[in-house]
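Here is a quick walk through one protein chain, written for someone who would rather be at the bench. Have a look at the model first, and then we'll go through it piece by piece.

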Amino acid sequence: MHVQSVTLYYYSHTVLVYLFFLQLYKMHRGYQNITPANNKVLKKLWDDTRYNQHRTNILFAEGRIDNAAPKTYMHLHLKLKKLQMEEERLATVERDNRILLHKMSHVMRTKGTVDNHIDNKYIHKSLNKIKRQRELEKIAFENKAILKRINAQETQYCKERWIEEWRVNERYMANICTFPQFWHDRMMDSDKPFFKALNEESKLRRTQANKQFSKDVKFRQMQQKKIKKIRHQEKKMKIEKQEREKRVALELDLIKKLKSLSLKKMASIDDAGKGKGKCKNSNTIFPPIAES
């Protein structure tokens, strides 16, 4: 019984190995090896092993560039000098406000000691005008000197060297690329029917996109025109309303003035014509209009 099981295991293992090599033999027929070899089956196994090892190395590769976050420094985030200057400025403002408040309270308590009725003889003067002018002139002179030094400085970059380096890089890229340079343009210019159909389809898509873009532009222009027209009408209506209010205010002022003048004239006429009996039975407040 033991011998039969061993024999059966041996035959089954042989059949599995035979099927494995048969599958490899079928798979290696379409394999295109890069370097010459006598046995394609072994060459495929070696290439697959080397490729798997390469993929494993890529999977467990570690970076050589330090892309970690930079260090944080407290003096860049918490600026103590700035806080100190701000506190000093607030203290100065508080001191000035306190002095001003004391002066205002003194003026309110003592009714003030300044004769502010003579406005024409008082001339406003600044005590530090000359100092401020000198500081501004100094700052302008320093700015001119800095600008002169900046304009006189020559550049350290060479444009010709950059162009030459770019040409060398283009030659390197042309040497290592899989396809020749401008292969896509040559493919599109070919006379094959597939590429012709592809070109026609791309042209049709571009024309449709251009049409849609022109429609969108026209729609936006129409919307902008409508908005401008509405704004112009609103502005015009606002101006008309303001002018109408001004006219109404002027008319009201004129009516008030006429009424005041008429009342004054009526009073003068009543005073002058008490003995003569003029304007005694008049029911209006307006004086009679003299004929020309």
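What follows goes from the overall fold and its confidence to salt bridges, an aromatic pair and a surface patch.

## The overall layout

Keep in mind that this is a predicted model. The chain is helical in its secondary structure, with eight helices and zero strands. Read from one end of the sequence to the other, the pattern is simply α-α-α-α-α-α-α-α.

How much of the chain is buried? Of the 292 residues, buried ones make up 4%. The accessible surface adds up to about 30000 Å², and carbon and sulfur atoms own 60% of that. As for contacts with a separation of 6 or more, 6% of them join residues that sit 24 or more positions apart.

## How far to trust it

Across the chain the mean pLDDT is 78, and 71% of the residues reach 70 or more. Confidence isn't spread evenly, though: helix H5 (residues 129–152) has the highest mean at 93, while helix H1 (residues 2–27) has the lowest at 56.

The stretch to treat with care is residues 277–292, where the pLDDT is below 50. In the model, that stretch has 14 contacts beyond near neighbours in sequence.

## Salt bridges along the helices

How many salt bridges turn up? The count is seven. Let's start in helix H2 (residues 40–59), which holds both Lys44 and Asp48. These two form a salt bridge, with their closest N and O atoms 3.0 Å apart. They are four residues apart, or about one turn of the helix. Is Lys44 buried or exposed? Lys44 comes out as buried, because its relative accessible area of 15% falls under the 20% cut-off. Its partner Asp48 is partly exposed, at 31%. There is also a network of salt bridges that links Lys43, Asp47 and Arg50.

Over in helix H4, Glu86 and Arg89 meet through their side chains in a salt bridge, at 2.7 Å from N to O. The two are three residues apart, so about one helical turn separates them. Both ends are partly exposed: Glu86 has a relative accessible area of 36%, and Arg89 comes in at 45%. Helix H6 (residues 159–176) has a pair as well, with Arg161 and Glu165 four residues apart, again about one turn of the helix. Their closest N and O atoms are 3.2 Å apart in the salt bridge. Arg161 is partly exposed at 43% relative accessibility, and so is Glu165, at 40%.

## One aromatic pair

How many aromatic pairs does a search of the whole structure find? It finds one. The pair is Tyr157 with Trp162, whose ring centres are 5.5 Å apart. The planes of the two rings meet at 50°, so the pair is classed as tilted. That label follows because an angle under 30 degrees would count as stacked and one over 60 as edge-to-face.

Is Tyr157 buried or exposed? Tyr157 is exposed, with a relative accessible area of 60%. Trp162 is partly exposed, at 47%. The two land in separate classes because the line for exposed is drawn at over 50%.

## A nonpolar patch on the surface

Which residues form the nonpolar patch on the surface? They are Met74, Leu78, Leu80 and Leu83, and together they have about 430 Å² of accessible area.

Leu83 sits in helix H4 (residues 80–110), the helix that also carries the Glu86 and Arg89 salt bridge. With a relative accessible area of 45%, Leu83 is partly exposed.

Methods. Residues are numbered from 1 along each chain as its sequence is written. This is a predicted model: local features need pLDDT of at least 70, side-chain atom pairs count only at pLDDT 80 or more; totals for chains, interfaces and linings use all residues. Side-chain values use heavy atoms; hydrogens and water are left out. Rings of Phe, Tyr and Trp (its six-membered ring) pair if their centres lie within 6.5 Å; planes under 30 degrees apart count as stacked, over 60 as edge-to-face and the rest as tilted. Buried means under 20% relative accessible area, exposed over 50%, partly exposed in between (1.4 Å probe, protein chains only). Patches are made of residues with over 30% relative accessible area and no salt bridge: like charges are joined within 9 Å, nonpolar side chains (Val, Leu, Ile, Met, Phe, Trp, Tyr) within 5 Å. Accessible areas come from the Shrake-Rupley method with a 1.4 Å probe; for residues, only the protein chains shown count as cover. A salt bridge is a side-chain nitrogen of Lys or Arg within 4 Å of a carboxyl oxygen of Asp or Glu. pLDDT is the predictor's confidence in each residue, from 0 to 100. Contact means heavy atoms within 4.5 Å.
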